[in-house]
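Hi,

Here is the structure I said I would pass on, with the sequence alongside. Have a look at it first, then read on for my notes.

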Amino acid sequence: MGQALATNPSGPFRLFYGTLRDMVLGVRFATVEGKLVKSGGQVVKNVAGYDLSKLLIGSRDTLAIPVQVNFRVHSRPAQSETSAFAFSTLRAALDARTAIQESPLTPLAMDLLDAAAAHIVSPQELPPGNWLLLVAYGGAERVIERYQRDLQEIARQHGATASATLTLHDEQRLWDAVTDLPAHMEENEPAVVRLRAASTITGIRACIESLPADAVVSRAGTGITYFYKETADPAAFAAEASRVLQGKAESVVVEYAAIAPMLPINPMSFLAARLKQTFDPNNILGGL
C-alpha cells in the first residue's frame with residue numbers, strides 16, 4: 001500500500017471509485033526534520049487548512065513519509081456484470097460512450113480498447129471488432145436488468161457490430177487482464193514503450209488519432225489514454241508524442257521504457273521544485 005500511495009496508480013474502476021487521492025481522508029506523515037504532521041482526519045468533512053494528503057499521494061516519497069493513513073471505503077455491489085460492445089470505428093465507440101455518460105446510468109468502469117489490446121486481454125470472451133467498449137456495472141438484480149436493456153439500446157443506436165455479456169469468473173478475469181496489461185506488455189515485449197496521455201474526455205479521439213501505436217487502452221470516462229509502442233528508439237517516440245499531442249492532451253508521461261527518454265520540460269516541474277525546496281531543501285529523500 002505504501003508503494004501505491006507513493007505512485008498514485010489507478011485502474012479501470014477509477015471512473016466510479018476515483019483514485020487514491022479520492023479515497024484518502026487523512027494522513028499523518030514524517031518530515032525530514034523528524035516531525036509528525038497530521039492532515040485531514042477520519043471523516044469526509046475535513047476542510048480546515050491545506051489538504052496536504054493530496055499533495056503527498058503520488059509524490060514518490062520525495063516530500064515526506066506517510067506513517068498513518070485513513071481511507072474512505074465503499075461497499076461492494078450485490079452483483080456485477082460487464083457488457084462488451086464492438087464498433088467498426090473509433091468515433092462510433094466514443095459516441096456510444098458519450099450517450100452512456102449522458103444517460104441516468106453510472107457504470108463502475110468504462111474502458112475503450114483497440115483490436116490489438118482486446119486480443120491480448122481476452123481473445124476468447126470478447127466480440128471481434130476494431131474498437132471494444134467495456135462497461136462494468138453493479139447493483140441489485142433489477143438494476144442489472146436496467147443496465148443490460150439500456151446499454152444494448154445505446155449500442156444499437158450507435159452501430160455496434162457485436163456484443164457480449166460477461167459474469168462472475170469471466171468478468172473478473174477480463175478486468176484482471178485489463179489491469180495487468182502494462183505488466184504483461186513489459187514482460188513479453190522488452191522494447192515496448194508505455195505512454196500515458198491525460199486529456200478531457202472529448203479530447204480522447206484527437207489524441208488516439210494523432211499518435212499511431214501498437215495497442216491503445218483508454219479510460220474512456222476519465223480521459224486517461226495509454227499508448228503501447230514497440231520501438232528501438234523510445235526517445236524518438238516520446239518526442240513525437242509530445243509534438244503531436246501538444247494542445248490535445250494536458251499531460252504526456254512516459255510510464256515505462258527500456259531506456260528512459262527525455263521529454264520537454266513541463267512548466268509544472270517548476271512548481272514541483274518549489275514544493276521540494278519547502279519540504280526537503282537538502283534533498284534527503286531524493287529528487288522528483
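First, the naming: helices (H or I, at least four residues) and strands (E, at least two) are DSSP runs, numbered from the N terminus. In those terms, I65 sits in strand β3, which covers residues 65-71. Please keep in mind that this is a predicted model.

I65 is also part of a nonpolar surface patch, together with L36 and V67. The accessible area of the three adds up to about 270 Å². I65 itself is partly exposed, because its relative accessibility is 33% and that class lies between 20% and 50%.

Now to helix α7, which runs over residues 141-157. From first C-alpha to last, its 17 residues reach 25 Å, close to the 24 Å expected at 1.5 Å a residue. Which residues of α7 are buried? They are I144, Y147, D150, L151, I154 and A155. These residues cover an arc of only 140 degrees around the axis, so they are on the same side of α7. As a reminder, an α-helix has 3.6 residues a turn, so residues three or four places apart point the same way. What do the buried residues of α7 pack against? Their partners are strand β4 (79-87), helix α5 (90-102) and strand β6 (131-139). The other side of α7 has the exposed residues E141, R142, R149, R156 and Q157.

One of those, R149, has a relative accessibility of 52%. Its side chain meets that of D150 in a salt bridge, at 4.0 Å from N to O, and D150 is on the list of buried residues of α7. This pairing therefore joins an exposed residue to a buried one.

After α7 comes G159, with a positive phi near 80 degrees. The loop between α7 and β7 (162-167) also holds T161, which counts as exposed at 52% relative accessibility. What does T161 contact, once neighbours within four places in sequence are set aside? The answer is A86, F87, S88 and P128. T161 and F85 are 76 residues apart along the chain, and their C-alpha atoms are separated by 7.5 Å.

Next, the charges. The structure holds 13 salt bridges, and a network of them links E186, R194, R196 and E255. Two of the pairs involve E255, and here is how they look:

- R194 and E255 meet through their side chains at 2.9 Å, N to O. R194 is in strand β8 (residues 192-198) and E255 in strand β11 (residues 251-256), so this pair ties together parts that are 61 residues apart in sequence.
- E255 and R196 form a salt bridge with their closest N and O atoms 2.8 Å apart. R196 lies in β8 and E255 in β11, so here the parts tied together are 59 residues apart in sequence.

Are these residues buried or exposed? R194 is buried, with a relative accessible area of 11%. E255 is partly exposed at 30%, and R196 is partly exposed at 26%.

Those two strands come back with helix α11 (residues 234-244). The buried residues of α11 are P234, F237, A238, A241 and V244. Seen down the axis, they fall within an arc of 140 degrees, so they line one face of the helix. They pack against β8 and β11, and also against α10 (204-210) and β10 (224-230).

Last, some backbone angles to look at. Most residues other than glycine have a negative phi. L168 is not a glycine, yet its phi is positive at about 50 degrees. L168 lies in helix α8 (residues 168-179) and is exposed, with a relative accessible area of 67%. N283 is not a glycine either, and has a positive phi of about 55 degrees. N283 is in the segment after α12 (268-279) and is partly exposed, at 44% relative accessible area.

Cheers

Terms used:
Residues numbered from 1 in each chain as written. Predicted model: local features only at pLDDT ≥ 70, side-chain atom pairs only at ≥ 80, totals over all residues. Heavy atoms only, no water. Patch = residues over 30% accessible without salt bridge, like charges linked within 9 Å, V, L, I, M, F, W, Y side chains within 5 Å. Areas by Shrake-Rupley, 256 points an atom, 1.4 Å probe, with all protein chains shown as cover. Buried < 20%, exposed > 50% of the residue type's maximum accessible area, 1.4 Å probe, protein only. Expected span 1.5 Å × (residues − 1). Arc of directions from axis to C-beta. Contact = heavy atoms within 4.5 Å.
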